[in-house]
Structure formats: structure tokens, C-alpha cells
Amino acid sequence: MSGATEGGQRLNFVQALPPEEVARANFYGLLARLFYAPPDAPLLETLAGAAEIDAQDGGISEAWQRLCRAAGQTDPEAVRDEYDSAFVGTGKSPVTLYTCAYTIRYASEAPLAALRGELAALGLARRDDAAEPEDHIAALCDTMRHLIAVQKRELSVQGAFFSRWIAPAAGPLCNAIEAAPSTSFYKSVARFAEAFLDIEQSAFDML
């Protein structure tokens with residue numbers, strides 16, 4: 001975008017994101033937060049009081065309402081116990097949030113190395129204080145938020161990352177969460193995640 005000049009100085013305008021892009025980034029950010037750690041009281045209260053989604057796709061509206069209702073029917077201690085039981089556990093967790101577990105077909109595959117290379121090409125890298133590998137679903141959702149809201153990447157770039165690293169694992173991961181006996185609140189998180197990511201997939205398929 002060309003800049004205007006004033007008094008001989010060039011003014012650089014920053015293009016604002018359209019509302020639908022802000023919403024996409026916010027949903028990715030919310031999923032990243034919910035999958036990274038159990039929600040605290042302020043987040044549960046925010047979700048419980050959130051407005052309905054006005055969307056053409058009724059599935060995501062219904063899933064959003066279920067998530068908000070579930071947030072109002074739980075408390076931080078209960079959801080923390082649920083998170084630990086489902087995703088941390090003792091030894092091997094009942095449900096893994098590492099997406100490569102749902103996509104590796106051959107022992108010789110090294111998806112983490114490929115993911116790190118792609119992140120580096122996008123100018124992104126794992127923080128030194130990050131405890132989770134890059135294929136954690138929270139990290140991938142936060143990467144999408146960053147591509148949309150911070151780097152403002154073209155949809156083709158966003159779609160390529162989504163199709164390679166999120167789409168193949170989204171269904172199996174959400175199904176595993178919904179099937180887990182230890183999940184309650186996170187069943188609603190999984191339903192919303194699946195509905196939102198399905199819309200993302202359809203939109204990228206139209207490119």
C-alpha cells in the first residue's frame with residue numbers, strides 16, 4: 001500500500017483487519033488458550049456471558065452456545081482436574097494433544113523436523129521458555145492466529161499451513177476428546193473446535 005506524505009515525511013498506513021479476520025484470529029487464540037491449559041475463573045465467566053454467534057453455518061453457532069453453557073456450568077477446580085485427567089495423566093495421557101500422533105503413518109517420518117523448518121520459513125520459532133513441542137494443537141492454533149492477525153499473511157499461505165499441520169489431525173483429535181470418559185467441559189471445546197475448523201477447511205478449499 002502506498003503511503004502519503006506530509007511535510008516531506010512519508011506516512012505509512014497500517015491496514016486494519018476486516019471483522020471476519022479478527023473473529024478468525026480470536027477463535028484460534030481462544031482454542032490455543034483452552035488447549036494449552038485449563039481455563040481460569042475469568043475466562044470461564046467471559047465465555048459464560050459471551051454473545052451468540054451470528055453465522056450462516058448453524059453448526060458453529062450451536063457449538064458456540066454449548067461451549068458457553070458448559071463454561072457457566074463448571075468451575076476452575078473441576079475443569080483443571082478434567083484437563084489433568086484427560087491430557088496429562090500419569091504415564092501416558094488418555095488423550096494426546098500432540099497432532100503428529102494422529103498423522104504419522106511410518107516410523108521413518110520426521111514431521112517435527114518438517115514443521116520446525118516451515119515455521120522457520122515463516123519467520124517463527126519456538127520460544128526458549130516453551131515447554132511443549134511445536135506440534136501441540138495449542139501451538140498450531142496460536143501460529144494460525146499469528147499468521148492472520150500479526151503477519152497478515154495471504155490466505156494461500158494460511159491455507160497451506162492449515163492443510164499440512166492442522167486439518168489432518170483435527171478430526172481424530174476432536175473425536176478422541178469427545179470419546180474420552182474423563183472429559184465433560186472439553187467435549188464442548190472439541191465440538192466447537194471441530195465446527196470452526198470445518199468452516200476453515202471449507203473456506204480454504206474454495207481458494
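Which residues in H1 meet which residues in H6? On the H1 side they are Glu21, Arg24, Ala25, Tyr28, Gly29, Leu31, Ala32, Phe35 and Tyr36, and on the H6 side Ile137, Ala138, Cys141, Asp142, Met144, Arg145, Ile148 and Ala149; contact here is heavy atoms within 4.5 Å. By class, this contact has twelve nonpolar, one polar and four charged residues, with Ala, Val, Leu, Ile, Met, Phe, Trp, Tyr, Cys and Pro taken as nonpolar, Asp, Glu, Lys and Arg as charged, and the others, Gly among them, as polar.

A word on the model itself: it is predicted, and local features need pLDDT of at least 70, side-chain atom pairs count only at pLDDT 80 or more, and totals for chains, interfaces and linings use all residues. Residues are numbered from 1 along each chain as its sequence is written, and side-chain values use heavy atoms, with hydrogens and water left out.

The protein chain has eight helices and two strands, in the order β-β-α-α-α-α-α-α-α-α along the sequence. These elements are DSSP runs numbered from the N terminus, helices being H or I of at least four residues and strands E of at least two. Of its 207 residues, 37% count as buried, where buried is under 20% relative accessible area, exposed is over 50% and partly exposed is in between (1.4 Å probe, protein chains only). Among contacts with a separation of 6 or more, 68% join residues 24 or more positions apart.

Back to the helix pairs. The axes of H1 and H6 come within 8 Å and cross at roughly 160°; axes are lines fitted to C-alpha atoms, for helices over the stretch in contact, with angles from 0 to 180 degrees between N-to-C directions. H1 and H6 are therefore roughly antiparallel, a label for angles over 145 degrees (under 35 is roughly parallel, 65 to 115 roughly perpendicular, the rest oblique). Their crossing is left-handed, that is, the near helix is turned anticlockwise from the far one by less than a right angle, clockwise being right-handed.

H6 also packs against H7, with axes that come within 11 Å and cross at roughly 150°. That makes this pair roughly antiparallel too, and the crossing is again left-handed. Ile137, Leu140, Cys141, Thr143, Met144, Leu147 and Ile148 in H6 meet Gln158, Phe161, Phe162, Trp165, Ile166 and Leu173 in H7. This contact has eleven nonpolar, two polar and no charged residues.

Thr143 of H6 is buried, with a relative accessible area of 11%. Beyond residues up to four places away in sequence, Thr143 touches Leu119, Leu124 and Phe161. Phe161 turns up again with Glu118 of H5, which is partly exposed at 25% relative accessible area. Glu118 and Phe161 are 43 residues apart in sequence, yet 8.4 Å apart in space, C-alpha to C-alpha. Leaving aside neighbours within four places, Glu118 is in contact with Phe161, Arg164 and Trp165.

Then there is the core. The largest nonpolar core has 55 residues, and those with the most contacts inside it are Phe35, Trp64, Phe161, Ile177, Phe185, Tyr186 and Phe192; such a core is a set of buried Ala, Val, Leu, Ile, Met, Phe, Trp, Tyr and Cys residues joined through side-chain atoms within 4.5 Å. Elements giving two or more residues to this core include H1 (19–36), H3 (58–72), H6 (137–150) and H7 (155–179). H8 gives the most, with ten residues. Outside its neighbours within four places, Trp64 is in contact with Phe27, Leu30, Leu47, Ala50, Ala51, Glu52, Ile53 and Phe192.
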